[in-house]
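This briefing goes through one protein chain, topic by topic. Please keep the sequence and the structure open while reading.

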Amino acid sequence: MAADLRRVLTGAVAATGTADPARAAAHLAALVSGLSLDAATPHGSVDRATIRSVLERHVAIL
């Protein structure tokens, strides 16, 4: 599943013209995985608005 996520993100990031889409996608995948884990576990303190804000900010800098 992680490889599928990286593959999809690499394609999406490549469409932005990012110089190194594989590296940017790996970073984004790690961010998505971390946010997902924190949101899904009982101790998670990240709400939907924060997740969205963090992802939007990261995508904007690609």
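S45 sits in the loop that lies between α2 and α3 (48-60). The model is a predicted one, and its single chain is described below from one loop residue outward to the overall fold, the core and a second loop residue.

**The loop between α2 and α3**
- S45 has a relative accessibility of 67%, above the 50% cut-off, and therefore counts as exposed.
- The C-alpha atom of S45 is 9.8 Å from that of L35, a residue 10 positions away along the chain.

**Overall fold**
- The chain contains 3 helices and 0 strands.
- Read from the N terminus, the order of elements is α-α-α.
- The C-alpha trace extends about 35 × 25 × 10 Å along its principal axes.
- Of the contacts between residues at least 6 apart in sequence, 33% link residues at least 24 apart.

**Surface and charge**
- Of the 62 residues in the chain, 18% are buried.
- The exposed area of the chain is about 4500 Å², and 62% of that area comes from carbon and sulfur atoms.
- The chain carries 6 positive and 5 negative charges, and the mean positions of the two sets lie 3 Å apart.

**Nonpolar core**
- The largest nonpolar core has 6 residues: L9, V13, A24, A25, L28 and A29.
- Two elements, α1 (2-14) and α2 (21-40), each give two or more residues to this core.
- The largest share comes from α2, with 4 residues.
- In soluble globular proteins, nonpolar side chains tend to be buried together.
- Setting aside residues up to four places away in sequence, the core residue V13 touches T18, P21, A24, A25, L28 and L62.

**The loop between α1 and α2**
- T18 is located in the loop between α1 and α2.
- Is T18 buried or exposed? T18 counts as buried because its relative accessibility is 19%, and the cut-off for buried is under 20%.
- The side chains of T18 and T16 are joined by a polar contact of 2.6 Å.
- Apart from neighbours within four places in sequence, T18 is in contact with V13, A24 and L62.
- V13 and A24 are also members of the largest nonpolar core, so the contacts of this loop residue include core residues.

**Two loop residues side by side**
- T18, between α1 and α2, is buried at 19% relative accessibility, whereas S45, between α2 and α3, is exposed at 67%.

How values were computed: Residues numbered from 1 in each chain as written. Predicted model: local features only at pLDDT ≥ 70, side-chain atom pairs only at ≥ 80, totals over all residues. Heavy atoms only, no water. Buried < 20%, exposed > 50% of the residue type's maximum accessible area, 1.4 Å probe, protein only. Contact = heavy atoms within 4.5 Å. Areas by Shrake-Rupley, 256 points an atom, 1.4 Å probe, with all protein chains shown as cover. Lys, Arg positive; Asp, Glu negative; His and termini not counted. Charge placed at Lys NZ, Arg CZ, Asp CG, Glu CD. Core = buried A, V, L, I, M, F, W, Y, C linked by side-chain atoms within 4.5 Å. Polar contact = N/O pair within 3.5 Å; in protein donor to acceptor, adjacent residues only side chain to side chain.
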